[in-house]
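I opened the model and kept notes on what I looked up. The entries follow in the order I made them.

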Amino acid sequence: MIDGTGSRDAPAAASLADLERRFGDPWDPGNPTGHAAVLAADEAGEMLAAGERLLDDHGLNAEFVPPELGGRLTRLDHLIEVMRVVFRHDPCLGLGYGASSLIPAVNVWTAGDERQRRRMADVLLAGGRAVSGYHELAHGNDFARAEFSALPGADGRLRLNGRKEVIANARRAEAMVLFARTSAAPGSRSHSQLFVEKADLPAGAPVHLPRFHSAGMRGVQLGGLEFRDCPIPANTVLGAAPGLGVETALRSFQVTRTALPAMTAGILETGLEVTARFAEERVLYGRSLAEMPYIRSILADAFTDLLICDCLATVTARSVHLLPGETSLYASAAKYFVATLLMDAMDALSRVLGAQFYLRDGGYGIFQKHLRDLAPAGFGHTARVACLSTVLPQLPRLARKGWLDDTQPPAGVFRLGADLPPLPFERLSVGSGGRDSLSASLAAALGSPQLDGELRRLVSVIAVEQADVRRECAALTPADLSVTARPEALRLAARYAAVLAATACVNVWLHNRERHDAFLSDPHWAVAALGRIAERVGRDPGQRSRHLTERLSAEVLARHRDRRGFGLSNRRLPG
């Protein structure tokens, strides 16, 4: 992790290096946390015990706790990079050990009082687990209609009644953040979030529901909880007063919607590694698959999609620190776009493996596990359509006001590794207030003298798409902004996310050309990225040169041979 001046964030770099060293070479059959062991645990439907011990010894939970409470959560981009290592090795560990505790913790950091924050920190730093309970299967993603209740009893305490379902680690958690109805009145102020410790519950509470079977994340203990007139103290409510549950959720989602899909990019890294290995080892008609132009184009495209995900996720993560008033917009757009690209890219890579990608064992068996484990990245309170529904209502105001403002974001948003202020949980807002400085940076990039040739032409193509999105958003009607929105309206939100991704890519290239990384400084990857995005929104990117495909596919194969990561960091890996 090198910042723009070449200095090193030593604690973060040391934590990352320690984690990589502990996991070791995943291809080593004797490695207790390698691919063979991960596949065996998946077949048994169990969490990888050696992996959990590894993360205990590393103290992974400290990554989720702010430094003032004794943890290492100083920067969101650093957290993503650490968790991406975990997801790269075993997505079940990433979700079941890591993300499942991060989600409730962020709600406490966002709205909890000093006591609640201290207690959550104590649980996590002691190696405990926390869970969040949003879901009720009857209401899906519409958690504002949740029937699970915490209404006052005659003794002044709250009484929990109802079920929460699809909870990772429900049986193993010491602490819970539960989304509950705290008033029978209609409206958005009828729900709260509650921070509950299991040790404070009466005997027999809660009742644990059977584990849900799942095609992916088979080792994650997905269960449910049922409460029956269970008393809890009134001071378990998160926030200044009851009724702020929806607001707290929408604020905390800005961190989790940014971080979780970015972490799961580690799955695509493993997908690329396995596919590159297969392409070099598989011989057809007297030559390896890696020599065939069609195969090389698939590798190049998946690699490009990973770089796009990296750019958008990194810029959004840095925006949480530097533009907290605007990230309600960026986080939801990034969640939708990154999750979509990751799944599409893994699907494309599976076609290279052919029948091999169905196999659940052997040298390439890890691919099908990672492919199955990726699917849950698009479900839950962070589902992709739910994210578009968060972006959509903000677009008309942006079209009429925000996108006419040419105020530029701080350059630090785009400078990889540059210093950042502490995470401003208290400044996260429900809406962007009609501000969107990241979008303004596209026009600034187009005016840069550093752009030339094919990259300038593609930025111009994206700028035309941006102008069309602005015009069509200005024409949206109130009916288009509700839950009954036309598919065309939701597609506008998806197109906005694509333009935001292109803006992130070109600016990451512009602001990091001086770094000591020959690949990142070369505009070829940015040309490929903008071409892929233009194609995705239906714009003609022009004919991609064979040289560009060769350049990118050669980079994939070189990184595979040299044991380097496939993301922007280009970091050397064990093995």
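Before starting I fixed one term: a helix here is a DSSP run of H or I with at least four residues, numbered from the N terminus. The model is predicted.

**Entry: end of helix 3**

I began with the residue that follows helix 3. That residue is Gly59, and its phi is positive, near 75 degrees. I then listed the buried residues of helix 3, which are Ala50, Gly51, Glu52, Leu54, Leu55 and His58.

**Entry: Asn61**

I went on to Asn61, which sits in the loop between helix 3 (49–58) and helix 4 (76–89). Is Asn61 buried or exposed? Its relative accessibility is 3%, and buried means under 20%, so Asn61 counts as buried. I looked for what its side chain reaches and found the backbone oxygen of Gly128, at 2.7 Å. With neighbours within four places in sequence left aside, I noted Tyr97, Leu124, Gly127 and Gly128 as the contacts of Asn61.

**Entry: strand 7 and its partners**

I checked how covered strand 7 (residues 222–232) is. Nine of its eleven residues are buried, so I wrote it down as mostly covered. Which strands does strand 7 pair with? Strand 3 (residues 158–168) pairs with strand 7 in the antiparallel sense, over eight bridges. Within strand 7, Phe227 is the bridge partner of Gly162. Strand 6 (residues 207–209) also runs antiparallel to strand 7, and three bridges join the two. Here I picked out Leu209, whose bridge partner in strand 7 is Gly224.

**Entry: backbone angles**

I searched for unusual backbone geometry with one rule in mind. Most residues other than glycine have a negative phi, and most peptide bonds are trans.

Val166 was one hit: its phi is near 55 degrees, a positive value in a residue other than glycine. Val166 lies in strand 3. Its relative accessible area is 25%, so I entered Val166 as partly exposed.

Asn169 was another hit, with a positive phi near 65 degrees, and it too is a residue other than glycine. Asn169 is in the loop between strand 3 and strand 4 (175–181). At 1% relative accessibility, Asn169 counts as buried.

For the peptide bonds, I noted a cis bond joining Ala205 and Pro206, with omega about -5 degrees. Pro206 is placed in the loop between strand 5 (191–197) and strand 6.

**Entry: Ala170**

I stayed in the loop between strand 3 and strand 4, where Ala170 is also placed. Ala170 is buried, with a relative accessible area of 3%. What does Ala170 touch, not counting residues up to four places away in sequence? I listed Val131, Lys198, His208, Gln221, Gly223, Gly224 and Leu225. Gly224 was already in my notes as the bridge partner of Leu209. I also took the C-alpha to C-alpha distance from Ala170 to Leu39, which is 23 Å, with their positions 131 residues apart in sequence.

**Entry: helix 16 against helix 12**

I turned to helix packing. The axes of helix 12 (residues 384–391) and helix 16 (residues 487–511) come within 9 Å and cross at roughly 90 degrees. Angles of 65 to 115 degrees count as roughly perpendicular, and the two helices are therefore entered as such. From helix 12, Val385, Leu388, Ser389 and Val391 meet Leu490, Ala493, Ala494 and Tyr496 in helix 16. By class, I have seven nonpolar residues, one polar and no charged in this contact.

**Entry: helix 16 against helix 10**

How do helix 10 and helix 16 lie to each other? Helix 10 (residues 327–353) packs against helix 16 at an angle of about 95 degrees, with the axes 9 Å apart. Helix 10 and helix 16 are therefore roughly perpendicular. On the helix 10 side I noted Leu329, Tyr330, Ala333, Tyr336 and Phe337, and on the helix 16 side Ala494, Tyr496, Ala497, Ala498, Leu500 and Ala501. These divide into eleven nonpolar residues, no polar and no charged. Ala494 and Tyr496 appear in the contact with helix 12 and in the contact with helix 10.

**Entry: Arg296**

My last look was at Arg296, found in helix 9 (residues 293–322). Arg296 is buried, with a relative accessible area of 13%. Leaving aside neighbours within four places in sequence, I recorded contacts of Arg296 with Ala290, Glu291, Thr549, Glu550, Ser553, Ala554 and Leu557.

Conventions. Residues numbered from 1 in each chain as written. Predicted model: local features only at pLDDT ≥ 70, side-chain atom pairs only at ≥ 80, totals over all residues. Heavy atoms only, no water. Axes fitted to C-alpha atoms, helices over the stretch in contact; angles between N-to-C directions. Parallel < 35°, antiparallel > 145°, perpendicular 65-115°, else oblique. Contact = heavy atoms within 4.5 Å. Nonpolar A, V, L, I, M, F, W, Y, C, P; charged D, E, K, R; others polar. Buried < 20%, exposed > 50% of the residue type's maximum accessible area, 1.4 Å probe, protein only. Pairing = 2+ DSSP bridges. Polar contact = N/O pair within 3.5 Å; in protein donor to acceptor, adjacent residues only side chain to side chain.
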